[in-house]
Structure formats: structure tokens, C-alpha cells
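This report describes how the interior of a protein chain is arranged, moving from its cores to its pockets and then to a few individual residues. Please read it alongside the sequence and the structure shown here.

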Amino acid sequence: MEKYDFNDRYVVTFDPQNEPVALHTEDLEVWYGANQAIKGVDLQFKKNQVTALIGASGSGKSTYLRSLNRMNDGIAGTKVTGKIIYKDVDINAPAVDVYEMRKHIGMVFQRPNPFSKSIYENITFALKRHGIKDKHLLDETVETTLKQAALWDQVKDNLHKSALALSGGQQQRLCIARAIAMKPDILLLDEPASALDPISTGTVEETLVQLKEHYTIIIVTHNMQQAARISDYTAFFYSGNVIEYDQTANIFTQPQKRATNDYVSGHFG
Ligand SMILES: Nc1ncnc2c1ncn2[C@@H]1O[C@H](COP(=O)(O)OP(=O)(O)OP(=O)(O)O)[C@@H](O)[C@H]1O
Ligand SMILES: [Mg+2]
């Protein structure tokens with residue numbers, strides 16, 4: 001939308017499409033053997049925004065999300081074609097150092113999966129593997145990431161206790177802290193709150209909303225209220241395609257496609 005002001009200056013009104021893009025895919029296709037799970041998806045993820053991926057079970061949300069940091073690579077018979085562009089690099093190219101790339105694009109899984117180590121070691125493990133030994137820096141990272149994940153106050157006196165002694169919600173927040181310890185740019189989350197009670201879910205949601213100041217967040221969720229509460233943009237997956245993508249408010253109040261409307265209003269899925 002464009003208009004001229006009275007001085008004849010060229011004025012461009014707010015256009016969400018002009019927000020900077022952190023990551024995008026071009027014609028992304030994923031095959032499991034002969035079964036095509038993703039059928040040519042083009043999506044753009046806006047920087048420092050939360051994008052929700054929604055859709056019925058089996059529509060391809062997890063497959064697509066996992067492709068974004070090459071987590072499908074290890075699955076035998078899987079083929080991923082198309083481009084995943086991050087900072088002008090196609091990270092789907094064979095030459096890309098996947099290990100290095102995942103420092104920029106981190107992942108949090110559906111079930112909390114802390115290592116069977118202390119809280120402190122869960123967060124510092126990857127950093128140490130990357131050669132960071134400075135105790136002061138490690139301590140500082142533990143404190144900052146636990147604060148960002150809204151867990152610090154509950155664990156600060158027990159940092160050397162086993163992570164497995166935490167509640168499910170606390171474990172999931174620890175996994176978020178562990179993921180952000182590497183200071184990724186982009187955080188991928190696959191239904192991070194589905195195994196949690198409503199109170200822990202609320203805390204994780206608040207955490208994510210606060211984190212978007214520093215990170216671009218892409219989250220798969222089955223929970224429509226959750227998508228509406230925390231996301232800025234929503235992509236609706238339907239049978240391996242994204243058939244609608246818009247600002248979340250539009251998806252929930254004036255979807256353009258019948259299937260989207262049926263899904264968000266609970267008629268199927
Ligand atoms: N490891 C795998 N091997 C073979 N096929 C798979 C694999 N993972 C997923 N699929 C298939 O790919 C399609 C998409 O699955 P995916 O798990 O991405 O859907 P989803 O939208 O995340 O579903 P849900 O909401 O149930 O988690 C389905 O047909 C599924 O059976
Ligand atoms: Mg899934």
C-alpha cells in the first residue's frame with residue numbers, strides 16, 4: 001500500500017511483508033522413500049517474530065520443521081530438495097557444515113530430553129565441546145540462559161543437582177536454556193509444551209514471548225489458543241502443503257481458505 005503525503009513525498013505505509021526475513025524456504029520437498037511428506041513449500045520467517053506452524057496430524061509440520069536444521073538428514077531413505085536460505089546461504093546444500101549451522105539454528109523437541117547430568121552441565125556441555133573453558137564465561141552463560149528461560153530463581157541454589165530431578169515443565173525450560181546457550185539466531189520448537197500441565201505451559205509460553213526479542217522463533221503447535229496467544233504469524237499446513245500463511249490475527253479471524261477456517265474453528269483435525 002502506497003500513498004503520497006501533502007508534500008508529495010513518497011510514503012510507504014506499514015507493510016508486514018517488508019519486515020526483515022531471518023530464514024526462508026524455496027520449493028522445499030521432503031520424501032520418505034516413495035511417500036512425499038512436503039510438497040514444495042515456500043515460506044518466509046520474519047526476524048524476531050514468532051511463527052506458528054499449525055495443521056492436522058500428518059500434515060507435515062514436524063517434517064518441515066526438522067528440515068530447517070537438517071534433522072531429517074539422518075533418517076534413511078529421506079530426501080530433501082529445494083532451498084533453505086539463511087543469511088544468503090542455501091543451508092540445504094551438501095557442502096554445508098551441519099554441525100556449524102546448528103549453532104545458528106537450534107532445536108527444542110516435544111519431549112524434554114535433558115542429558116543425565118547436572119543442570120549446570122546440561123547448559124555448558126555444548127559450549128565446552130566447542131572449546132570454551134573459561135569458568136567465568138560458563139557461569140555467566142548458565143545464569144543468563146536460565147534467566148531467559150524463566151528457570152533461574154527455581155534452580156540457582158541447585159545447579160549441580162541432576163537435571164532429571166526437575167519437573168517436566170522445568171526440564172523443558174532447561175532444554176530451552178540449553179538451546180539458547182549456543183546463542184542461535186533461530187529457535188525451532190516442536191510442540192514444546194504438549195507434555196506439560198497448564199501452569200508449566202503458561203510459563204513456557206511467556207518465556208517464548210520474551211525470547212523473541214533476541215531470537216526468531218518457529219513453533220509447531222496443536223494448541224490453537226497457544227498459537228493465537230504467542231505467535232505473530234501462522235502457517236497452515238494441509239497435506240504436505242502450506243495453503244495459508246498470514247499474520248496470526250488474520251488466520252484466526254478472517255482466514256481466506258475454507259480448510260483453514262474449519263481447522264482453526266475446530267471442525268476437523
Ligand atoms: N521418519 C519417518 N519415516 C517415514 N515417514 C514419516 C516419518 N516421519 C513422518 N513421516 C510421514 O510424513 C507425513 C508427515 O508427518 P509429520 O510427522 O511431519 O506430520 P505432523 O504434521 O508433524 O503430524 P503430528 O501433528 O501428528 O505431529 C506423515 O504421512 C508421516 O507418516
Ligand atoms: Mg509432528
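The paragraphs below take up confidence, cores, pockets, a helix and two buried residues in turn.

The model is predicted, and the protein averages a pLDDT of 90, with 93% of the residues scoring at least 70. Over residues 1-15, however, the pLDDT is below 50, although this stretch has 13 contacts in the model beyond near neighbours in sequence.

**Cores**

The largest nonpolar core contains 45 residues, and within this core Leu 146 and Leu 208 touch the most other members. Helix 6, which spans residues 168-181, gives the most to this core, contributing 7 residues. Apart from neighbours within four places in sequence, Leu 146 is in contact with Ile 119, Ile 123, Leu 151, Trp 152, Val 155, Leu 159, Leu 174 and Ala 177. A second core, separate from the one just described, has 27 residues, among them Leu 23, Leu 68, Leu 188 and Ile 218. In soluble globular proteins, nonpolar side chains tend to be buried together.

**Pockets**

The two largest pockets are set out below by volume and by the classes of their lining residues.

| Pocket | Volume | Nonpolar lining | Polar lining | Charged lining |
|---|---|---|---|---|
| Largest pocket | about 590 Å³ | 14 residues | 5 residues | 4 residues |
| Second largest pocket | about 210 Å³ | 5 residues | 5 residues | 2 residues |

Of the 23 residues that line the largest pocket, Arg 102, Met 107, Ala 126, Arg 178 and Met 182 lie nearest its centre. Helix 2 (98-101), strand 8 (105-108), helix 3 (119-129) and helix 6 each supply at least two residues of that lining.

The lining of the second largest pocket includes Leu 137, Glu 140, Thr 141, Gln 148, Lys 183, His 214 and Tyr 215. Helix 4 (135-148) and helix 6 each supply at least two of the lining residues there, and the largest share, 6 residues, comes from helix 4. Helix 6 thus appears in the lining of the largest pocket, in that of the second largest pocket and in the largest nonpolar core.

**Helix 3 and its surroundings**

Which residues of helix 3 are buried? They are Ile 119, Tyr 120, Asn 122, Ile 123, Thr 124 and Leu 127, and what covers them includes helix 4, helix 5 (152-155) and helix 6. Two of these residues, Ile 119 and Ile 123, are also among the contacts of Leu 146. An α-helix has 3.6 residues a turn, so residues three or four places apart point the same way. Just after helix 3, Gly 131 takes a positive phi of about 90 degrees.

Ser 118 has its place in the loop between strand 8 and helix 3. Ser 118 counts as buried because its relative accessible area is 6%, which falls under the 20% limit for that class. Leaving aside neighbours within four places in sequence, Ser 118 is in contact with Leu 159, His 160, Lys 161, Ser 162 and Ala 163.

**Trp 152**

Trp 152 lies in helix 5, and since its relative accessibility is 14%, this residue too counts as buried. Beyond neighbours within four places in sequence, Trp 152 is in contact with Glu 143, Leu 146, Lys 147 and Leu 159. Leu 159 also belongs to the contacts of Ser 118 and to those of Leu 146. The C-alpha atoms of Trp 152 and Leu 211, which are 59 residues apart along the chain, are separated by 15 Å.

Definitions and conventions:
Residues are numbered from 1 along each chain as its sequence is written. Chains are lettered from A and ligands numbered from 1 in the order in which they are written. This is a predicted model: local features need pLDDT of at least 70, side-chain atom pairs count only at pLDDT 80 or more; totals for chains, interfaces and linings use all residues. Side-chain values use heavy atoms; hydrogens and water are left out. A nonpolar core is a set of buried Ala, Val, Leu, Ile, Met, Phe, Trp, Tyr and Cys residues joined through side-chain atoms within 4.5 Å. Buried means under 20% relative accessible area, exposed over 50%, partly exposed in between (1.4 Å probe, protein chains only). Helices (H or I, at least four residues) and strands (E, at least two) are DSSP runs, numbered from the N terminus. Contact means heavy atoms within 4.5 Å. On a 1 Å grid over the protein atoms alone, a cavity is a set of points where a 1.4 Å probe fits but cannot get out, and a pocket is an open set with protein on both sides within 12 Å along at least five of seven lines; lining residues have an atom within 4 Å of a point. Grid points are joined across faces, edges and corners, and a volume is the space filled by probe spheres set on the points. Ala, Val, Leu, Ile, Met, Phe, Trp, Tyr, Cys and Pro count as nonpolar, Asp, Glu, Lys and Arg as charged, and the others, Gly among them, as polar. pLDDT is the predictor's confidence in each residue, from 0 to 100.
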